[in-house]
Amino acid sequence: MEQGTVTSLIEEKGSIKGVQYRTKAGEELKAYAPLTIVCDGCFSNLRRSLCNPEVDVPSCFVGLVLKNCQLPHANHGHVVLADPSPILFYPISSNEIRCLVDVPGQKVPSIANGEMARYLKTVVAPQIPPELHNAFISAIDKGNVKTMPNRSMPASPYPTPGALLMGDAFNMRHPLTGGGMTVALSDIVVLRDLLKPLHNLNDAAALCKYLEAFYTLRKPVASTINTLAGALYKVFCASPDQARKEMREACFDYLSLGGTFSNGPIALLSGLNPRPLSLVLHFFAVAVYGVGRLLLPFPSPRRMWIGARLISGASGIIFPIIKAEGVRQMFFPATVPAYYRGPPN
């Protein structure tokens, strides 16, 4: 293994032959290989020639570490449905809790001039559980506050001989559900199974055609987690629209019903049930549940109108995400021409 900073891909006649990289000593070298796997993360500077990088930044996470306090439910992650958007808490050691405050938009209050501390204390602090309040204020006062843009990018690869994209360089989703590593590890298993029977990687054109199967075979897990992350984030964000408020409350109460109503979404969330159709069914079950709550015991014209807008809003949330992921690849993968079930002859 050689370690260095890759500065560019080596391309010849539309095929990737290897990489140019810089060693720790500053020496510029080239490395050649029949297959180059590009996985240089969310800030990738190599992806541009391998995919169509339509990166959306819906929000930013502001991170703090809370010390010596107890979560309301020990050893569990917590999502606080705050205004304007969710706050996450989860344990990272026996006496530390990570807090991630979602701030909508691409700009966050400045840390340097004290705007961030003021925002966290006046807007966020009143909305967090009382058990965590003092530790939260203490973490702000210590000043170890970090920010990170939350990026979303559908997988839109250009099949390129000699190269393959992986990880956040290739596909991103809102980190609310923590699904990034699940998708990455699932992709690795898919790629491993595709490469395992091959003994010669030197025919770049044939290998590229074969590895197009990767983009289809990864879809059930990846698209389910991607769609769920994007949809949940939009549902959990606060809104002045009454229909959106009803959808948010319906989602929370639906999960609180337990049994299939919580096990189903959690199986989707964790990648244990990689079925996009199950996701769509649960999502609209939440919407129908919300409408049912509005219409019982006595429907009124106003409640019926809110219910209709709730269904319309739910469709407006999930269908654009599905469209970006690819309807055919998600629901009808067997119809995609480059779909292989085994290695080529």
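Two rings of Phe, Tyr or Trp count as a pair if their centres lie within 6.5 Å. On that basis, ring pairs link F170, F214 and Y215 into a cluster in this predicted model. The briefing below covers the annotated domain, the two largest pockets, the cavities and the aromatic pairs, in that order.

**Annotated domain**

- The unreviewed UniProt entry places the feature "domain: Squalene epoxidase" at residues 33-305.
- Over residues 33-305, helix accounts for 44% of the chain and strand for 16%.
- The C-alpha atoms at the two ends of residues 33-305 are 61 Å apart.

**Largest pocket**

- The largest pocket holds about 1000 Å³ of space.
- Its lining comprises 37 residues, and those nearest the centre of the pocket are V79, F236, L255, I266 and L269.
- Two strands and four helices each supply at least two residues of this lining: β6 (78-80) and β7 (87-93), together with α5 (219-236), α6 (242-256), α7 (260-269) and α8 (276-295).
- Helix α6 gives the most to the lining of the largest pocket, with 6 residues.
- By class, the lining of the largest pocket consists of 28 nonpolar and 9 polar residues, with no charged residues.

**Second largest pocket**

- A volume of about 570 Å³ is found for the second largest pocket.
- The second largest pocket has 25 lining residues, of which F61, M148, P149, N150 and P175 lie nearest its centre.
- Two or more residues of this lining come from each of β5 (56-67), β8 (96-104), β9 (146-152) and α3 (180-195).
- The lining of the second largest pocket divides by class into 12 nonpolar, 8 polar and 5 charged residues.
- Charged residues are thus present in the lining of the second largest pocket, whereas the lining of the largest pocket has none.

**Cavities**

- The structure contains 3 cavities of 30 Å³ or more.
- The volume of the largest cavity is about 70 Å³.
- L35, P159, T160, P161, G162, A163, L164, L207, C208, L211, E212 and Y215 line the largest cavity.
- Both β10 (163-165) and α4 (204-217) supply at least two residues of this lining, and α4 gives the most, with 5 residues.
- The lining of the largest cavity has 9 nonpolar residues, 2 polar residues and 1 charged residue.

**Aromatic pairs**

- There are 7 aromatic pairs in the structure.
- One of them is the edge-to-face pair of F214 and Y215, with 5.5 Å from centre to centre and 65° between the planes.
- Both F214 and Y215 are buried.
- Another aromatic pair, formed by F284 and F319, is tilted, with 5.7 Å from centre to centre and 35° between the planes.
- The pair of F284 and F319 links distant parts of the chain, with F284 in helix α8 and F319 in helix α9 (residues 301-325), 35 residues apart.
- F319 counts as partly exposed because its relative accessible area is 44%, a value between the cut-offs of 20% for buried and 50% for exposed.
- Y215 belongs to the ring cluster with F170 and F214, and Y215 is also among the residues that line the largest cavity.

Notes. Residues are numbered from 1 along each chain as its sequence is written. This is a predicted model: local features need pLDDT of at least 70, side-chain atom pairs count only at pLDDT 80 or more; totals for chains, interfaces and linings use all residues. Side-chain values use heavy atoms; hydrogens and water are left out. UniProt positions are given in the numbering used here, feature names are shortened, and annotations may be inferred rather than shown by experiment. On a 1 Å grid over the protein atoms alone, a cavity is a set of points where a 1.4 Å probe fits but cannot get out, and a pocket is an open set with protein on both sides within 12 Å along at least five of seven lines; lining residues have an atom within 4 Å of a point. Grid points are joined across faces, edges and corners, and a volume is the space filled by probe spheres set on the points. Ala, Val, Leu, Ile, Met, Phe, Trp, Tyr, Cys and Pro count as nonpolar, Asp, Glu, Lys and Arg as charged, and the others, Gly among them, as polar. Rings of Phe, Tyr and Trp (its six-membered ring) pair if their centres lie within 6.5 Å; planes under 30 degrees apart count as stacked, over 60 as edge-to-face and the rest as tilted. Buried means under 20% relative accessible area, exposed over 50%, partly exposed in between (1.4 Å probe, protein chains only).
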